[in-house]
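Let's take a walk through a protein model together, one piece at a time. Keep the sequence and the 3D view at hand as you read.

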Amino acid sequence: MGRLMRSFWIPAMTAAEVPAADEPPLRLTLLGERLVVFRDTEGRVGVLEENCPHRGASLFFGRNEEGGIRCVYHGWKFDVAGNCLQMPTEPSTSRMCQKVKARAYPAQIAGPVLWVYMGDAQPAPALPEFGFVGLPENQVYASRWHQECNYAQAMEGELDSAHVGFLHQMVNKTDADPQALTGKYFQEDTAPSWKIMHGEAGFMACNGRRVDGDKRYWRLNQFLLPFFTMIPPRPGDAELVRMWVPMTDERCWVICVTWRANGPLKEAELAAWRNGENSHRKTVPGTTIPAERLDNDYLIDREEQKHVTFTGIKGIRAQDAMVTESAGPIADRTREHLGSSDMAVVAMRRALMEGATQCAATAQPHPAAAKSWLYAVHAVQAVLPGDQDPETADDFLAPARATPPAASPSA
Ligand code: FES
Ligand SMILES: [Fe+2]
């Protein structure tokens with residue numbers, strides 16, 4: 001699985017969290033590796049193994065000074081590429097400084113996200129071409145929080161659309177908008193039918209609910225290797241991608257990016273997101289710790305549970321986290337009973353296992369990592385005639401499909 005993960009650029013934190021030039025470093029754990037993140041005097045971002053290559057003191061306590069980070073134990077100093085710049089405890093005639101390197105990973109900021117490449121492809125592949133890449137700052141928003149469970153388990157909560165009509169519903173009430181997650185389309189048919197369409201970088205999971213008599217409300221969720229999910233926005237809402245990044249086997253980062261391709265984000269939606277509503281999660285200010293979390297029972301309000309929301313927990317994202325984290329950090333899958341509604345969860349597990357097997361067999365990065373255009377897709381939804389196969393609905397599918405770059409003209 002490591003080789004599969006390392007095939008891809010890993011989203012590490014929001015760009016807003018990256019320290020400014022010469023500011024103290026931050027700690028970051030990705031794929032079980034403890035790292036530090038800093039920005040040197042010229043503004044270049046460095047991502048280094050946390051432990052100093054001399055005798056292992058943490059570089060988090062180091063000094064970020066004049067073009068590199070200096071370990072405070074014996075003063076060894078490293079630049080963003082891990083090169084040793086100074087080794088002041090060795091004799092001036094020593095050449096050791098040229099031989100020792102700190103483990104460093106390439107890093108770049110694109111859109112509102114810091115990306116780190118932990119693989120061994122030379123050169124590193126291009127970044128995935130999500131719809132937010134290259135948009136002006138006022139059209140994109142990102143936030144990061146962490147969850148106390150395995151990344152795949154957390155991601156299952158996003159792909160499993162069947163839960164929406166239960167977990168997120170209101171008590172004795174539906175939203176005026178039928179397509180809202182608390183709207184009537186999710187109540188009218190609680191056992192959606194499924195259609196999985198496989199692609200080179202993952203799959204599209206269509207789930208359809210019989211609504212308004214003889215129609216079917218189809219939602220198309222995207223799963224993109226190794227841990228990206230997109231669910232369709234309501235008409236007029238911002239698009240989103242969520243990134244479920246392994247921190248350790250038992251914890252993960254969630255980075256959510258929301259954007260509008262055609263204009264600035266609205267003040268009201270930004271205010272709501274900053275407050276942890278809808279697509280984003282409320283955190284303890286200045287941290288990635290969710291406000292409603294496992295160790296405070298997500299601030300469940302049993303009165304609200306009786307009269308207002310099905311869970312008594314505030315916020316769609318907190319409700320999702322409650323169900324995935326409460327299964328334990330790594331749920332015992334030998335004890336589960338999967339039904340037909342779990343089709344997307346099964347497809348995701350298969351895609352990950354097949355990807356990992358393929359990478360192990362070839363000892364190569366996953367081929368999707370070299371095709372950044374596979375990520376320029378959208379999650380969509382539509383109400384279609386009840387008997388229409390979504391696979392034949394071209395207008396519905398067109399924005400969800402990736403388009404290969406035009407072949408270069410032959411010489
Ligand atoms: S442990 Fe870092 S310089 Fe010695
Ligand atoms: Fe949910």
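What follows goes through strands, then helices, then a few spots in the loops.

One thing to know before we start: this is a predicted model.

Let's begin with a sheet. Look for β1, β11 and β10, which make up an open sheet of three strands in the order β1-β11-β10, with antiparallel pairing. The strands at the edges are β1, covering 9-14, and β10, covering 107-110, and each of them pairs on one side only. Going from one strand to the next, the twist averages 30°. If you zoom in on β10 and its partner β11, residues 113-117, you'll find four bridges between them, in the antiparallel sense. A handy landmark here is A110, which stands opposite V113 in β11.

Now move along the chain to another strand pair, β13 and β14. Here β13 spans residues 193-198 and β14 spans residues 202-211, and the two run antiparallel, joined by six bridges. How many residues does the hairpin use to join β13 to β14? The hairpin gets from one strand to the other through three residues. For a landmark in this pair, try H198, which stands opposite F203 in β14.

Next up are the helices. As a bit of background, two packed helices are described by the angle between their axes and the distance between the axes. The one to keep your eye on is α3, residues 151-159, and we can start with how it packs with α8, residues 316-325. The angle between α3 and α8 is about 130°, and their axes are 9 Å apart. Why call this pair oblique? Angles of 65 to 115 degrees count as roughly perpendicular and those over 145 as roughly antiparallel, and about 130° fits neither range, so α3 and α8 are oblique to each other. The crossing of α3 past α8 is right-handed. On the α3 side, the contact is made by Q153, A154, E156 and G157, while α8 brings in D320, V323 and T324. Sort the residues of this contact by type and you get two nonpolar, three polar and two charged.

Helix α3 also packs with α9, which covers residues 343-362. For α3 and α9 the angle is about 140°, with the axes 9 Å apart. That makes α3 and α9 oblique to each other too, and their crossing is right-handed. Which residues meet here? From α3 come A152, M155, E156 and L159, and from α9 come A344, V345, M348 and L352. The residues of the contact of α3 with α9 divide into seven nonpolar, no polar and one charged. You may have spotted E156 in the α3 list for α8, and E156 turns up in the α3 list for α9 as well.

Now for the loops. Take the one between β11 and β12, where β12 covers 140-147: that's where you'll find N138. Is N138 buried or exposed? With 11 other C-beta atoms within 10 Å, N138 is exposed, because 12 or fewer counts as exposed. Leaving out residues up to four places away in sequence, N138 touches P264 and L265. F203, our landmark opposite H198, is 65 residues from N138 along the chain, and their C-alpha atoms are separated by 30 Å.

Some loop residues have backbone geometry worth a look. As a rule, most residues other than glycine have a negative phi, and most peptide bonds are trans. In the loop between β11 and β12 sits P123, and the peptide bond from Q122 to P123 is cis, with omega near -5°. There's another cis bond from L225 to P226, with omega near 0°. P226 belongs to the loop between β15, 215-224, and β16, 228-230.

Last stop: the loop between α6, 267-274, and α7, 302-307, which holds N278. N278 isn't a glycine, yet its phi is positive, near 60°. D297 lies in the loop between α6 and α7 too, and D297 has a positive phi of about 55° although it is not a glycine. How do they sit in the model? N278 is buried, because it has 20 other C-beta atoms within 10 Å and 20 or more counts as buried. D297 is partly exposed, with 13 other C-beta atoms within 10 Å.

Notes. Residues are numbered from 1 along each chain as its sequence is written. Chains are lettered from A and ligands numbered from 1 in the order in which they are written. This is a predicted model: local features need pLDDT of at least 70, side-chain atom pairs count only at pLDDT 80 or more; totals for chains, interfaces and linings use all residues. Two strands pair if DSSP finds at least two bridges between them. Axes are lines fitted to C-alpha atoms, for helices over the stretch in contact, and angles run from 0 to 180 degrees between N-to-C directions. Two residues are in contact if their C-beta atoms, placed from the backbone, lie within 7 Å. Angles under 35 degrees count as roughly parallel, over 145 as roughly antiparallel, 65 to 115 as roughly perpendicular and the rest as oblique. A crossing is left-handed if the near helix is turned anticlockwise from the far one by less than a right angle, and right-handed if clockwise. Ala, Val, Leu, Ile, Met, Phe, Trp, Tyr, Cys and Pro count as nonpolar, Asp, Glu, Lys and Arg as charged, and the others, Gly among them, as polar.
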